[in-house]
Amino acid sequence: MAVVVGLTGGIGSGKSTVANRFAAKGIDIIDADVIAREVVAPGSDGLAAIVARFGAPALTPDGSLDRAWLRERVFSHPDDKQWLDNLLHPMIRQRMIQACAQASSAYCLLVVPLLVENNLTSLAQRVLVVDVDEQTQIARTLARDHVSEQQVHAILAAQASRSQRLAVADDVIDNTQTEAELDRQVDALHHTYLTLATQANVDP
C-alpha cells in the first residue's frame with residue numbers, strides 16, 4: 001500500500017495548485033471534495049437516504065441533489081446537519097480509505113480541506129499543510145469566488161485556525177512565495193516522500 005500524505009490548508013491557501021504539481025510528477029491524488037460529490041450522485045445510496053428524509057425538495061428537476069436547498073436546510077436546522085454528517089462522513093471516509101489502498105504511485109496525496117476539523121489525520125502517515133497568512137486567504141478567496149468579505153470571514157471562523165493546522169503538520173509549504181519557490185518546495189517534499197515510500201516497502 002502506498003504511503004499516504006494528507007494535504008490540507010485553509011480556504012484560499014492554494015491546495016489545488018499544490019496538488020496539481022504533485023500530480024504532474026505522477027502521484028495519485030485522492031480528493032475528498034470529489035468523493036463527497038460521488039457519494040450523493042444520482043443512483044447512490046447517499047442520495048437515496050437524503051430523499052427518503054427530505055423528499056422531492058432535495059432534488060433538482062434532473063434528479064440530482066439540490067445542493068443549494070440542502071445547504072440552506074442544514075444551516076437552519078442543526079439536527080438535520082447532524083443527521084447529514086452522520087450519513088455522509090462514514091461514506092466519504094470509507095471511499096478515501098479504499099482509494100488510498102488502490103493507489104499505484106509510490107505515495108499518494110489525500111487532499112482533505114477539513115482534515116483537522118473532521119479528525120482525519122489518522123488516515124495519513126504524513127500531514128502536509130499548505131500555509132498562507134489570513135490576509136492572503138481573504139484576498140485570494142474574494143478574487144476567486146466573488147463572495148463578500150463577510151462570507152469569507154464566516155468560512156474562516158468555521159475552519160481550524162492556522163495555528164491548529166500547523167500544530168498537526170509534519171511538513172509545511174509556504175504558498176506566499178514565487179512560482180519558482182513553490183516548485184522548489186514541492187520538489188524537495190516529493191524527494192522526501194519517495195524516500196519514505198522506499199523505506200516503508202523495505203521495512204513494512
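## A first stop: Ser-64

Two residues are in contact here when heavy atoms of each lie within 4.5 Å. With that in mind, a good place to begin in this predicted model is Ser-64. Leaving aside its neighbours within four places in sequence, Ser-64 is in contact with Pro-42, Ala-58 and Leu-59.

Where does Ser-64 lie? Its place is the loop between helix H3 (45-54) and helix H4 (67-76). The side chain of Ser-64 also has a polar contact with the side chain of Asp-62, at 2.7 Å.

## The sheet

Now let us turn to the strands. Five of them form an open sheet in the order E2-E3-E1-E4-E5, and the pairing is parallel. Strand E2 (28-31) and strand E5 (171-174) are found at the edges; each has a single partner strand, so one side of each is left without a neighbour in the sheet. From one strand to the next, the twist averages 25°.

One pairing to look at is that of strand E1 (residues 3-8) with strand E4 (residues 126-131), which runs in the parallel sense over four bridges. Here Leu-7 stands opposite Leu-128 in E4. Helix H9 (residues 179-202) packs on the sheet, where it touches E1, strand E3 (107-111), E4 and E5. The direction of H9 makes about 160° with that of E5.

## The nonpolar core

Which residues have the most contacts inside the largest nonpolar core? They are Ile-50, Leu-70, Leu-88, Met-96, Leu-110 and Val-112, in a core of 30 residues.

Several elements contribute to this core. Helix H2 (32-38), H3, H4, H5, E3 and E4 each supply at least two of its residues. The largest share comes from H5, with six residues.

## Salt bridges across the chain

The count of salt bridges comes to eleven. One of them joins the side chains of Asp-80 and Arg-53, with N and O 2.8 Å apart. Asp-80 belongs to helix H5 (residues 78-101) and Arg-53 to helix H3, so this pair ties together parts that are 27 residues apart in sequence. Are these two partners buried or exposed? Asp-80 has a relative accessible area of 3%, which means that it is buried, the limit being under 20%. Arg-53, with a relative accessible area of 38%, is partly exposed.

Another salt bridge is formed by Asp-131 and Arg-162, whose closest N and O atoms are 2.8 Å apart. This pair links distant parts of the chain, with Asp-131 in strand E4 and Arg-162 in helix H8 (residues 162-168), 31 residues apart. Asp-131 counts as buried at 11% relative accessibility, whereas Arg-162 counts as partly exposed at 37%.

## Salt bridges around helix H9

Helix H9, met above as a helix that packs on the sheet, has a salt bridge of its own between the side chains of Arg-184 and Glu-181, at 2.8 Å from N to O. How many residues apart are Arg-184 and Glu-181 in helix H9? They are three residues apart, so about one helical turn separates them. Arg-184 counts as partly exposed at 48% relative accessibility, and Glu-181 counts as partly exposed at 24%.

There is also a network to find. Arg-21, Glu-179 and Asp-183 are joined into one network by salt bridges that share partners.

## Two loop residues with positive phi

Finally, have a look at the backbone of two loop residues. Asn-119 has a positive phi of about 55°, although it is not a glycine. Asn-119 is in the loop between E3 and E4. With a relative accessibility of 60%, Asn-119 counts as exposed, because the limit for that class is over 50%.

His-146 is not a glycine, yet it has a positive phi of about 55°. Which helices stand on either side of the loop that holds His-146? They are helix H6 (134-145) and helix H7 (149-158). At 68% relative accessibility, His-146 counts as exposed.

Methods: Residues numbered from 1 in each chain as written. Predicted model: local features only at pLDDT ≥ 70, side-chain atom pairs only at ≥ 80, totals over all residues. Heavy atoms only, no water. Pairing = 2+ DSSP bridges. Axes fitted to C-alpha atoms, helices over the stretch in contact; angles between N-to-C directions. Polar contact = N/O pair within 3.5 Å; in protein donor to acceptor, adjacent residues only side chain to side chain. Salt bridge = Lys/Arg side-chain N within 4 Å of Asp/Glu carboxyl O. Buried < 20%, exposed > 50% of the residue type's maximum accessible area, 1.4 Å probe, protein only. Core = buried A, V, L, I, M, F, W, Y, C linked by side-chain atoms within 4.5 Å.
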